[in-house]
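User: I should like to understand how the terms used for a protein model are justified. Please take me through the reasoning step by step.

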Amino acid sequence: MQPDDISLADVLLARRRIADVATRTPLKRSLNAAKYGFASLHMKMETAQPTGAFKVRGAANAILMLPPDERARGVVTASSGNHGRAVAYVAKLLGLPAVICLSKLANPAKIENIRRLGAEVVVDGDDQDAAMVIAHEIEAERGMTYVDPFDDAGVVMGQATVGLEMLEDEPDLDAIFIQVSGGGLAGGIATAAKAINPRIKLVGVSMDRGAAMHDSLKAGRPIHVVEHKTIADALQGGISLENKYTFELCRRHLDDFVLLSEDEIAQAMRTAFYDERLVLEGAGACGFGAIARLNSEFQGANVAIICSGNNVDPQEFKRIITG
Ligand SMILES: *Cc1c(COP(=O)(O)O)cnc(C)c1O
């Protein structure tokens, strides 16, 4: 399958496939549109997913697309974050074995959270890349299926249901700001949204240090980017030098890209909390940072952002909100 082959029909099928596993989330209207000069501001509430982030959509669709015998052998991935949680959650719901590989750097609270979802957790390897190698070894040894966090057609179709739902609820959207890490969310939303309304503007949002997709788009091909620590930790990581789907989808469909500083992301978390009473992780709040930066270009427009996740440590949240 090529990136282009992912059609709106695939997204409609994905929506049916995942209906019992992932939640159809609200597109909440903000009362603060005028603060930015927008006609309307809408927030896609992916925090309402059972795991607190949209990743359950892609994981559910990819796993449910597996033939029954492959599915029964179980799934494996390497992610300490929202994708690992999503795979563990979906496997538990479907009664499948799941192995989540985490590096020795993984935070003990996150390891415990994934264990609590019933998955087998393998803690080994010095970094994320090493954990990924171990996940592929387990894939080969145990005949399990590796579920990629973003660069997989099934995952992209699942994340695309976010865009489908948004345009169903608000057909007159002019622009959507979308957080980009591996590009599964942006590539998916773009596939659905541009099929429904080719004139809609899609703006990618990342942190300004180690934005792998942004830098790859600039270079014209997937490149390796040095990782930096960021409060938008869910946006860290590369897009893979052998990227098959998401680079091409983002290249084709993203109309603009904005990179946020750590201060802007912290400010976005405060805006989400004080203006909207939302608890968002750094990555989840980036839409607020993007509209604070680019609002002058979208005066009078109907704008939407994605509240993509809420998995933030309470102490860290408190520090940012009060600091
Ligand atoms: C994974 C994730 C993203 C980015 O999604 P990609 O598909 O990797 O681009 C954004 N926000 C949150 C909360 C995430 O977990």
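**Reasoning from values to terms**

Analyst: This is a predicted model. By class, eight nonpolar, two polar and one charged residues make up the lining of the second largest pocket.

User: What makes a residue part of the lining of the second largest pocket?

Analyst: A lining residue must have an atom within 4 Å of a point of the pocket. Ala62, Ile63, Met65, Leu66, Thr145, Tyr146, Val147, Asp152, Ala153, Gly154 and Tyr245 meet that condition, and therefore they are the lining. Helix H3 (55-64), strand E6 (145-146) and helix H8 (153-169) each give at least two residues to this lining. The space in the pocket is about 150 Å³.

User: Why is one residue of this lining called charged?

Analyst: Asp, Glu, Lys and Arg count as charged. The lining includes Asp152, so Asp152 is classed as charged.

User: How do you know that Lys55 makes a polar contact with the ligand?

Analyst: A polar contact requires a pair of N or O atoms within 3.5 Å. An N or O atom in the side chain of Lys55 is 2.7 Å from an oxygen atom of the ligand, so the pair qualifies. A polar side-chain atom of Asn82 also lies 2.7 Å from a ligand oxygen atom, and for Ser181 a polar backbone atom is 2.7 Å from an oxygen atom of the ligand. The protein covers 97% of the 380 Å² of accessible area that the ligand has on its own.

User: Why does the radius of gyration agree with a compact globule?

Analyst: For 323 residues, a compact globule would have a radius of gyration near 20 Å; the protein has 18 Å, and therefore the value agrees.

Methods: Residues are numbered from 1 along each chain as its sequence is written. This is a predicted model: local features need pLDDT of at least 70, side-chain atom pairs count only at pLDDT 80 or more; totals for chains, interfaces and linings use all residues. Side-chain values use heavy atoms; hydrogens and water are left out. A polar contact is a pair of N or O atoms within 3.5 Å; within protein, one must be able to donate a hydrogen and the other to accept it, and residues adjacent in sequence count only if both atoms are side-chain atoms. Accessible areas come from the Shrake-Rupley method with a 1.4 Å probe; for residues, only the protein chains shown count as cover. On a 1 Å grid over the protein atoms alone, a cavity is a set of points where a 1.4 Å probe fits but cannot get out, and a pocket is an open set with protein on both sides within 12 Å along at least five of seven lines; lining residues have an atom within 4 Å of a point. Grid points are joined across faces, edges and corners, and a volume is the space filled by probe spheres set on the points. Helices (H or I, at least four residues) and strands (E, at least two) are DSSP runs, numbered from the N terminus. The radius of gyration is taken over C-alpha atoms; the globule rule is 2.2 Å times the number of residues to the power 0.38.
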